[in-house]
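Got a sequence and a fold to look over at the bench? Here are some questions worth asking, each with a worked answer.

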Amino acid sequence: VSGYNVQLGNTFTNNGTLKLYDTSEETKGSITTSKTMTNNGTLNVEDITISQSKNDNTMNNTSTGTLNIKNATIKGLNGYAVYDSGKLTMDSNSSLIANKYSLYNNEQEPLEISAGTLSGIVTNKELIISGDTTINSTSTSDACIHSTTANIKITMTGGTCISNNIGVSMQGNSQTFEMSGGTIESKGHAIYQNTYKLNVHIKNGTIKANGRVLHTDSYNYMSNSDYRNNFVFDDGELESNSDITLYGYGNNITVNGGTVTNTSSNRDRYSVYITNYSSYTQNGGKIYAPNASGIYSYASTINLNDGEVEVNTSNGYGVYLYDTVININGGKITTTGGSSSGIYTLYYSATVNMRGGEINSNYIGIWVETYNSSSNYDKNLNIYDGKIVGKTYGIYSNNNRTIIRVGNNSKTYDLENEEEAESFINEPYISG
């Protein structure tokens, strides 16, 4: 187009091999179309800008089409810049731009985008984001990646998602999102789920959200374990300054490594919050709340096998139990505040089964509080092994229906063995 701005008002269809390009060394040319351009063959777009003047898609790349974009920009308004059902490639100097989503992925083979800049992607098929790809979603009502299609997989091995709203929106049953690298930064929730049997596996990467890193909408059928969502975190950084970092409603959440942080300055905000038939398992890593609290659980189950929970808030909770069973087999809960507690329970029933690990608090190790005298509920503290240290109290309870069991009647010690004899004397250890 040699520096010219071409106005295209007629239908454009490519059935062969075509190159749209600009040879000008100064001002690059452009094409503005008022109708959707269609590619059924091989179309190479280089060194130009193609724009849509109406709300239709700018380019439809059909199932027989191959669209190669090099050092070029394709722009849409409220339609897609590219609706892709064929094959698409982009280089690092290329962009797909639109007011909302700039790419619709309907490719039959997994589409991998390893370079370029996009405004957002709606995917109906398998999608891979890698390399130096940047998804910059400026819309306040959309996401970097959005899908309502069941059973698809979204993989992120690199690249960056920056969103004014949601990072990854999972709205189709049995979807999978797997992240092994890259960065997600969102002003809303980073990973949003509003349906069931969803699987998220964060192997590595960095996610920072002004909303929640993981948010799951509520569903009545989450009491059925066959429908629950699964979230696994192996390594990396998950951070939120909102009310909750990881929120599970009927979720199975597992932390194997990495750091989960809540940076808000409110005791009643949490790094992990599970409710309604959820489970939380920690096998490593760190739950960190410098000015908030660690873990909250309602009508769910917690298994602490290893790793750390650290809370530095003056009156923060390491773990808050509300109608919950917690099994502590290892790891460490630390609260440094002068009015803090390692484990706190107030409402409804709660059970602590401690077979290892440590609870260290600058105030109370395990704090059992009374809601009111006429509505107390059973609290069972089964301290079989491990270490509980509170600067004021190791264990404190003013609930008249609290049962505290200390020691392991089922364990046999050989007192002639020095190590076992020491365990017999020192385990469990409770100090205040």
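Q: Is Lys153 buried, partly exposed or exposed?
A: This is a predicted model, so the call rests on computed accessibility. Buried would need a value under 20% and exposed a value over 50%. Lys153 comes out at 31% relative accessibility, so the label is partly exposed.

Q: Which residue does the side chain of Lys153 meet in a salt bridge?
A: Side chains of opposite charge can pair when their charged atoms come close. For Lys153, the N to O distance to its partner is 3.9 Å, and the cut-off for a salt bridge is 4 Å. The partner's side chain belongs to Glu178.

Q: How many residues apart are Lys153 and Glu178 along the chain?
A: Lys153 sits in strand β21, which covers residues 153–156. Glu178 is in strand β24, residues 176–179. The pair links distant parts of the chain, with a separation of 25 residues.

Q: Is Glu178 buried or exposed?
A: The cut-off for buried is under 20% relative accessible area. Glu178 has 18% relative accessibility, so this residue counts as buried.

Q: How far apart are the closest N and O atoms of Lys203 and Glu178?
A: Lys203 is in the loop between β27 (199–202) and β28 (206–209), while Glu178 is in strand β24. These two also link distant parts of the chain, 25 residues apart. Lys203 is partly exposed at 35% relative accessibility. Their closest N and O atoms are separated by 3.4 Å.

Q: What is the distance between the closest N and O atoms in the salt bridge of Arg267 and Asp268?
A: Both partners have some accessible surface: Arg267 is partly exposed with a relative accessible area of 24%, and Asp268 is partly exposed at 46%. Arg267 forms the salt bridge with Asp268, and the closest N and O atoms are 2.7 Å apart.

Q: Which residues do salt bridges with shared partners join into one network?
A: Start with the pair Lys153 and Glu178, which meet in a salt bridge. Lys203 also forms a salt bridge with Glu178. Shared partners therefore give one network, made up of Lys153, Glu178 and Lys203.

Q: How many salt bridges does the structure hold?
A: The ones covered so far include Lys153 with Glu178, Lys203 with Glu178 and Arg267 with Asp268. Across the structure, the number of salt bridges is eight.

Q: Which cysteines form a disulfide?
A: A search of the whole structure turns up one disulfide. Its sulfur atoms are 2.3 Å apart, and the cut-off is 2.5 Å. The partners are Cys144 and Cys161.

Q: Where in the chain are Cys144 and Cys161?
A: They link distant parts of the chain, 17 residues apart. Cys144 is in strand β20 (residues 143–147), and Cys161 is in strand β22 (residues 160–163).

Q: What is the relative accessible area of Cys161, and is the residue buried or exposed?
A: Its partner Cys144 is buried, with a relative accessible area of 1%. Cys161 has a value of 3%, so the answer is again buried.

Q: Is the disulfide of Cys144 and Cys161 right-handed or left-handed?
A: Look at the torsion about the S-S bond, which is about 90°. With that torsion, the disulfide is therefore right-handed.

Q: What is phi of Asn71, about?
A: Asn71 is found in the loop between β9 (66–70) and β10 (73–75). With 35% relative accessibility, Asn71 counts as partly exposed. Although Asn71 is not a glycine, its phi is positive, at about 50°.

Q: Which value is phi of Ser174 near?
A: Ser174 is in the loop between β23 (166–170) and β24, and is partly exposed with a relative accessible area of 22%. Ser174 is a residue other than glycine with a positive phi, near 65°.

Q: By what distance are the C-alpha atoms of Thr11 and Thr38 separated?
A: Thr11 lies in the loop between β1 (5–8) and β2 (12–14), and counts as exposed at 60% relative accessibility. Thr11 and Thr38 are 27 residues apart along the chain, and their C-alpha atoms are separated by 8.3 Å.

Methods. Residues are numbered from 1 along each chain as its sequence is written. This is a predicted model: local features need pLDDT of at least 70, side-chain atom pairs count only at pLDDT 80 or more; totals for chains, interfaces and linings use all residues. Side-chain values use heavy atoms; hydrogens and water are left out. Helices (H or I, at least four residues) and strands (E, at least two) are DSSP runs, numbered from the N terminus. Buried means under 20% relative accessible area, exposed over 50%, partly exposed in between (1.4 Å probe, protein chains only).
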